[in-house]
Amino acid sequence: MHLLAAAPGSVDDGSEAIDLGQTPGDILVLTAADTEIAALAMANRTRLANDPTAPSLRLANYLRLAHNMSVDLYVDDIVRHAKLVVCRLLGGHGYWPYGVDEIVAACRAADIPVAFLPGDDQPDAELANLTSIDADNTHRLWQYLVQGGIDNTGNFLAFAETLIGREKRWHEPAPLTRAGLYWPGENALTLDGLRAHWTGGAPVAGVLFYRALMQAANLAPVDALIAALQANGLNPLPIHAASLKDPLAAAMIAETFAAAPPDVILNATGFALSAPGASIARGPFARTDAPILQTVLAGTTEAAWRDTANGLSARDIAMNVALPEVDGRVLARAVSFKGSDVRDELSQTDIVAHVPVRDRIDFTAELAAKWANLRRTPVDKRRVAIVLANYPNRDGRIGNGVGLDTPAGVVRALEAMAGAGYDVRDIPADGDALVAR
């Protein structure tokens, strides 16, 4: 068997067999969320500072163990020696079947309590059936991580200690706000407090990002984007949210945008609100017509992105490009990549953080300023160019890639723009006339 040693400071995609280089620990937590690993590592440092004799913790991102040989080694060296195993699975059993099956087998053979928790906030009956801890305790572990934050992760570790026979004081999971305002270096921010940083009369740029970044203090690209937007004459309106689909978060976003209407929105959350082929679901954007720029916080390293002709990974393209297009969002570009420059020796894991790239941050801020200025330009003063592919077959197939399958479809689109007040001149009488041009 040949495995690569996982180099500290590197972020790999799990496609090669690797050895994470950990030694056994009492409590083992596997998750796909680097922000969750960072929060648990932070809570663990506080825990051990207060009690150096506390049970040891090992943290790992199971996405690095995608190769079956990596799983075999990790199960033999780490899982079989733990006193408690907690695995939080994004997507359920089907997204890491070999790893789940091997962990189940090893824990059953060694009588190690194991909890498989859903990676989101929806129950998963299949994972519950694979779990050996009773339902109430499993639910409590899950809710600590669903709610997140340093207090909940601290109580997660205290409760985990209790489950392995070391009685500790712990509190029940405490719900956190599903969304909120953000400004670098400030807490308990109100909209009026945020407006104190604005320039009177300047366009407003909404900035949406995942609450998990707040919980893990992984905010370097958000802070850089805020500064760049200000440098381009915009008033940033940063909002963290659990998800755009979360009802409470969506309501907060909608209320904030109603009180401070944005001229442009930069969205750094993934997925889509709409379903392919269905009507566009506006969600929290129902009361604004501001253009939405999809801003990508990439899940790969900058070196991996630069060294391959493929660009972003398939996962990044799906979550941040393909699906957001269903909502009609405009792709900006990746503004940060994952880097790992902090080794947490207490949990024997790398703390992965988003590292902003200056020129890509600046490009995105400048693009946002241009969209905001365009939105403030009267409709009849705008000049819009439509560039469409003309496929070289007998009927032209103009605009086929964007749904305008015929020249006549383009004519109808131009007519619709004219009806909306745009200064559209010399509309062809029919599709044949457009092809002739």
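1. A helix crossing is called left-handed if the near helix is turned anticlockwise from the far one by less than a right angle, and right-handed if clockwise. With that in hand, welcome to this predicted model. Here, helices H9 and H13 cross in the right-handed sense.

2. Let us stay with that pair for a moment. H9 covers residues 220–231 and H13 covers residues 358–376; their axes lie 9 Å apart and form an angle of about 50°. Angles under 35 degrees count as roughly parallel and 65 to 115 as roughly perpendicular, and H9 and H13 are therefore oblique to each other.

3. Which residues make the contact? From H9 come Pro221, Ala224, Leu225, Ala228 and Leu229, while H13 brings Arg358, Ile361, Asp362, Thr364, Ala365 and Ala368. By character, the contact of H9 with H13 has 8 nonpolar residues, 1 polar and 2 charged.

4. Next, have a look at the sheet. Its 4 strands follow the order E4-E3-E5-E6, the pairing is parallel, and the sheet is open. The edges belong to E4 (57–61) and E6 (114–118): each has a single partner strand, so one side of each is left without a neighbour in the sheet. On average, neighbouring strands are turned by 15° against each other, direction ignored.

5. Within this sheet, try following E3 (residues 27–31) and E5 (residues 84–89), which run parallel and are joined by 5 bridges. A handy landmark is Leu28, with Val85 of E5 standing opposite.

6. Finally, a helix meets the sheet strands: H5 (residues 135–147) lies across E5 and E6, and its direction is at about 45° to E6.

Note on methods:
Residues are numbered from 1 along each chain as its sequence is written. This is a predicted model: local features need pLDDT of at least 70, side-chain atom pairs count only at pLDDT 80 or more; totals for chains, interfaces and linings use all residues. Side-chain values use heavy atoms; hydrogens and water are left out. Axes are lines fitted to C-alpha atoms, for helices over the stretch in contact, and angles run from 0 to 180 degrees between N-to-C directions. Helices (H or I, at least four residues) and strands (E, at least two) are DSSP runs, numbered from the N terminus. Angles under 35 degrees count as roughly parallel, over 145 as roughly antiparallel, 65 to 115 as roughly perpendicular and the rest as oblique. Contact means heavy atoms within 4.5 Å. Ala, Val, Leu, Ile, Met, Phe, Trp, Tyr, Cys and Pro count as nonpolar, Asp, Glu, Lys and Arg as charged, and the others, Gly among them, as polar. Two strands pair if DSSP finds at least two bridges between them.
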